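Please open the model in your viewer, keep the sequence panel beside it, and follow the selections below in order.

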Amino acid sequence: MPSPETIATSLAQGFARTRRVPVLRRPDEYGLAYEDVNFSSMDGIPLEGWFIPADSDKLVIANHPMPANRYGYPGHLPQYAAPFADFEINFLPDYKHLHDAGYNVLAYDLRNHGRSGEANGGLVGIGQFEYRDVVGSVRYGRERMGIDNSRIGLLSRCLGANSTIVAMSRHPEEFDGIQALVAVQPVSLRALAETALAQVPGGISLLEREVKNLTGFDLDELSPLTYAKDVNVPTLIAQVHHDSSTRPEDVQRIYDNLAAEDKKLHWIEETTRRFDGYNHFPKNPGQMIDWFTSHLT
C-alpha cells in the first residue's frame, strides 16, 4: 500500500492540475445551430466556446466542472474512465432544453480546460483564478447581445459554480441585476479531501502542506463558503445528497451562507456517484428550466 505521503501528494497534484479532455460533441448533433466563439477572460486569457442563438433577448451562460469542458466529460472512453467517472457526462441536452425554452446559450471552456488558453502555470484555483473567466463571459454575453444583466442567467457546475460565487463576491458590479443562478454541486476542497483521506493517517495535514506548496493557497481558501455571503442572486443549488466524494453538510453550509433571500436546495437522490449529479439536469430539466423561466421574465 502506498505511504500516506504518496497518497496525499498524488491527491494534491490531482486538485492542483487538470487533465484536458476533448470537446467530443457539438451542438449540431442535437439539431442546434451554433457559432464557434472566442473572447477574453477578465485578465486576458483566451477562452473558446459556443454561442447557440435563440429567438429572444435572454441568455444563459454555462460554466462547467473540473475536469470537464463545455461538452462534458468522456468517461465512457477507457483512457478517461479513471479516476472520475467511467460513464459519459453530456451537457448538450442542457443546451437543447434551454434553447427550446427560448434562451440563447453561451457555453465555453474555463482556462486550462478544453480548448481555452493555459494560464497560471497550468494550475487550477478551484475558483480563485477561474472567477476571471466568469466575469469575461458575462461581459462578452452582454456586449454580443446588447443586453443588460437582467436578461442573463448562469448555469454553473462545481468548479464553474465555485468560480461564479467567487466572481459575484469580488466583482459585484459585474453581476448587478442578474436574476438567476443554477449552481450544481459547489464544493469546498477540504470536504473532498477529508472524505478521500478518511483512512489515511495524518493525510489532511500532509495534503494541506502539499496544496500550499503546489498552489500557494491554504486548503480553506479553496472553497466558495465565505464568498457565498455576498451572493444576492436568486439561486437554485442541486447536489447529490449521498455523494460519496464529499459530505452533504458542506453544501448545506454553502447554501445557508448565500445572502439571497430567494434560494432553493435540491437534493438529488438514488445515487452516491458525484458525477451523476452533472447528468441530472440534462436528463431531468424541469426544475432548471422552471428556475430560469420564473426569474428571467
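In this predicted model, begin by selecting Y95, L98, F175, V182, L207 and F292, which are the residues with the most contacts inside the largest nonpolar core, a set of 101 residues. Keep L98 highlighted and display its surroundings: leaving aside its neighbours within four places in sequence, L98 is in contact with V60, Y103, V105, L155, M288, I289 and F292.

Next, select helix α9, residues 286-295, and colour its buried residues, which are M288, I289, W291, F292 and H295. If you turn the view so that you look down the axis of α9, these buried residues fall within an arc of 155 degrees, so they line one face of the helix. M288, I289 and F292 have already appeared among the contacts of L98.

Now move to the pockets. The largest pocket has a volume of about 770 Å³, and to find it you can select F15, P83, F84, L192 and F275, which lie nearest its centre among the 33 residues of its lining. Add α1 (4-16), α4 (159-170) and α5 (189-196), each of which supplies at least two residues of that lining. Colouring the lining of the largest pocket by class will show 21 nonpolar, seven polar and five charged residues.

Keep α5 on display and add α7 (248-257), since each of these helices supplies at least two residues of the lining of the second largest pocket. This pocket has a volume of about 180 Å³; of the 14 residues that line it, S188, D220, L225, D250 and R253 lie nearest its centre. By class, the lining of the second largest pocket comprises six charged, five nonpolar and three polar residues.

How values were computed. Residues are numbered from 1 along each chain as its sequence is written. This is a predicted model: local features need pLDDT of at least 70, side-chain atom pairs count only at pLDDT 80 or more; totals for chains, interfaces and linings use all residues. Side-chain values use heavy atoms; hydrogens and water are left out. A nonpolar core is a set of buried Ala, Val, Leu, Ile, Met, Phe, Trp, Tyr and Cys residues joined through side-chain atoms within 4.5 Å. Buried means under 20% relative accessible area, exposed over 50%, partly exposed in between (1.4 Å probe, protein chains only). Contact means heavy atoms within 4.5 Å. Helices (H or I, at least four residues) and strands (E, at least two) are DSSP runs, numbered from the N terminus. The arc is that of the directions from the helix axis to the C-beta atoms. On a 1 Å grid over the protein atoms alone, a cavity is a set of points where a 1.4 Å probe fits but cannot get out, and a pocket is an open set with protein on both sides within 12 Å along at least five of seven lines; lining residues have an atom within 4 Å of a point. Grid points are joined across faces, edges and corners, and a volume is the space filled by probe spheres set on the points. Ala, Val, Leu, Ile, Met, Phe, Trp, Tyr, Cys and Pro count as nonpolar, Asp, Glu, Lys and Arg as charged, and the others, Gly among them, as polar.
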